[in-house]
Structure formats: structure tokens, C-alpha cells
Amino acid sequence: IERSASLRVDGRAPEREDLLAFRDALQALPHLSEIVVPFANLLLRERIDFSIEAHIDRTTIPIGPPGDT
């Protein structure tokens with residue numbers, strides 16, 4: 001998680017369906033938006049090394065020490 005309220009997740013999915021399920025789970029979280037999975041990752045069928053980027057709504061999850069906005 002970056003101070004700019006962006007999130008990057010790198011990982012490996014066994015199959016495309018697993019990657020899509022993970023993306024859908026992230027999209028269901030109310031404090032994340034603008035979830036992006038590179039199209040090249042979605043074209044692969046299995047053993048997918050992926051990167052997902054998202055924006056964090058800082059009003060629901062403060063980042064940093066208390067009082068630091």
C-alpha cells in the first residue's frame with residue numbers, strides 16, 4: 001500500500017478463473033475502486049504471474065499514523 005492511497009498486488013494464479021475470482025473479491029470490497037488487471041494477464045490460461053492495481057478510499061481506511069491524513 002502506497003501513501004498515495006494506491007494498492008498493488010503481485011502474485012501467481014494457477015488458472016485464469018482463479019485470477020478473475022480474486023479480482024471479483026477485490027471489487028466487492030467497499031474501500032477499493034479502480035481495480036485494474038492488465039489485459040495481457042487476462043489472456044493467459046494458467047500459471048499467470050499477475051499485477052493488480054487499485055485505489056484505496058482513504059476515508060474508510062486511513063493510511064499512516066493516527067491523525068495523519
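This text walks through the salt bridges and the aromatic pair of a predicted model.

The structure holds five salt bridges, and a good place to begin is Arg8, which is joined with Asp10 and Glu53 in a network of such contacts. Within this network, the side chain of Arg8 meets that of Asp10 with a nitrogen-to-oxygen distance of 3.0 Å, while the salt bridge between Arg8 and Glu53 has its closest N and O atoms 3.7 Å apart. Because Arg8 belongs to strand E1 (residues 6-15) and Glu53 to strand E3 (residues 46-56), this pair ties together parts that are 45 residues apart in sequence. Glu53 itself is partly exposed, its relative accessible area being 43%.

Another of the salt bridges joins Arg23 and Asp24, whose side chains meet at 3.0 Å, again counted from N to O. Asp24 is partly exposed at a relative accessible area of 38%, and Arg23 is likewise partly exposed, with a value of 22%.

From charged side chains we turn to aromatic rings, where a search of the whole structure finds one pair. The partners are Phe22 and Phe50, whose ring centres lie 6.0 Å apart and whose planes make an angle of 50°, an arrangement that counts as tilted. This pair, too, links distant parts of the chain, since Phe22 sits in helix H1 (residues 16-27) and Phe50 in strand E3, 28 residues apart. As for their surroundings, Phe22 has a relative accessibility of 33% and counts as partly exposed, whereas Phe50, at 8%, counts as buried, because the cut-off for a buried residue is under 20% relative accessible area.

Definitions and conventions. Residues numbered from 1 in each chain as written. Predicted model: local features only at pLDDT ≥ 70, side-chain atom pairs only at ≥ 80, totals over all residues. Heavy atoms only, no water. Salt bridge = Lys/Arg side-chain N within 4 Å of Asp/Glu carboxyl O. Helix = DSSP H or I, 4+ residues; strand = E, 2+ residues; numbered from the N terminus. Buried < 20%, exposed > 50% of the residue type's maximum accessible area, 1.4 Å probe, protein only. Phe/Tyr/Trp six-rings, centres within 6.5 Å; stacked < 30°, edge-to-face > 60°.
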